[in-house]
Amino acid sequence: MLIKNIFPFNELKEWNHMNIGQIGLGIMGGPMAENLLKAGFAVKGFDIHPAARERITEARGEAADSAGEAAEDSDIVITMLPTTAILDEVIMNDILPVVKKGAIVIDMSSVSPVDSRRWAEMLQEKEAAFLDAPVSGGEPKAIDGTLSIMAGGTDHAFAAAYPILRAVGTDVTHVGEVGAGSTTKLANQILVNVTMAAMSEAVLLASKAGADIDKVYEAIRNGLAGSSVLDAKIPKILERDFTAGGRIDINLKDLSNVLQTGKSLGVPLPLASDVAEMYESMIAHGKQSDDHSGVLQHYEMLANYSVPKGGKHG
């Protein structure tokens, strides 16, 4: 079904007077809502956790008692939820019954492009638009408002939503029609998680050979092997701080979407499959809530060796 430019976005209020309903105020969604409030938007937020709702009121937003209440009468509805199943339930049972004509639903979760297109078709029947606009950058960039955002949807929907997206991210790219944002995020997750595993493999080898990991990082960070993943995660590894910015179980969910999409397209994804198996092993060992940089621990278990805190020997 073709998603058409039929929505009356010219009827939306001036951007700084739009009412935003946000559903999901967790590790990523909470800071994003706060940045929207700092930018002058009116935000009504809902999360199943009372503490998250209290956080939004402390930031001078409004707390909703349900997802439906957050969506009702909102010009923009943002969803930032952990799984496809939860998001599907929210869209079907809470958003679709109340979404108003001309509204834009922006899903910033990580889901399959197939699901994104399905929700877009349902919303089109309600004369509302849909953007799949997943993000990259983790909790630190959600906090400082510098997320990278990859958006799929019509030109009109993207143009109308751009000020909202720009309030939470610095790199905001319209990558194509509905589903293109989710597809781009799948590619992003392959690169991030495979790099995470490669980094862990390299760190373990260098450390067990007696090298100072801080010096190894300093030597390679500005060369071809350098990356944003190394810059963000090597300091956490050196401190052995695996507090989640990107949880193992959530990244396994993303890789499961990657593998499912690859299978449907006939695309072999052996590296993504290997990392998914590592994450499954870590979950079996109770590490599901660790940051995905904690995949280093999987390698340490295999080698019966632990990288010392600080990365130095002796």
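A pocket, in the sense used here, is an open set of grid points with protein on both sides within 12 Å along at least five of seven lines, and its lining residues are those with an atom within 4 Å of a point. The structure described is a predicted model, and this briefing takes up two of its features, namely the second largest pocket and an aromatic pair in helix H7.

**The second largest pocket**

- The second largest pocket holds about 170 Å³ of space, and helix H8 (180–208), helix H9 (213–220) and helix H10 (228–238) are the elements that each give two or more residues to its lining.
- The lining of this pocket is made up of 13 residues, and those that lie nearest the centre are Met 199, Ala 202, Val 203, Ile 220 and Leu 230.
- Helix H8 provides the largest share of the lining, with 6 residues.
- In character, the lining residues divide into 12 nonpolar and 1 polar, with no charged residue among them.

**The aromatic pair in helix H7**

- A search of the whole structure finds 2 aromatic pairs, one of which joins Phe 158 and Tyr 162 in an edge-to-face arrangement, at 5.8 Å centre to centre and with 65° between the planes.
- Both residues of this pair belong to helix H7 (residues 155–168), where Phe 158 and Tyr 162 stand 4 residues apart, which is about one turn of the helix.
- Phe 158 counts as buried because its relative accessibility is 12%, under the 20% cut-off.
- Tyr 162, by contrast, counts as partly exposed because its relative accessibility is 32%, a value in between the 20% and 50% limits.

How values were computed: Residues numbered from 1 in each chain as written. Predicted model: local features only at pLDDT ≥ 70, side-chain atom pairs only at ≥ 80, totals over all residues. Heavy atoms only, no water. Phe/Tyr/Trp six-rings, centres within 6.5 Å; stacked < 30°, edge-to-face > 60°. Buried < 20%, exposed > 50% of the residue type's maximum accessible area, 1.4 Å probe, protein only. 1 Å grid on protein atoms, 1.4 Å probe; cavity = no way out; pocket = protein on both sides within 12 Å on 5 of 7 lines; lining within 4 Å. Points joined across faces, edges and corners; volume = space filled by probe spheres on them. Nonpolar A, V, L, I, M, F, W, Y, C, P; charged D, E, K, R; others polar.
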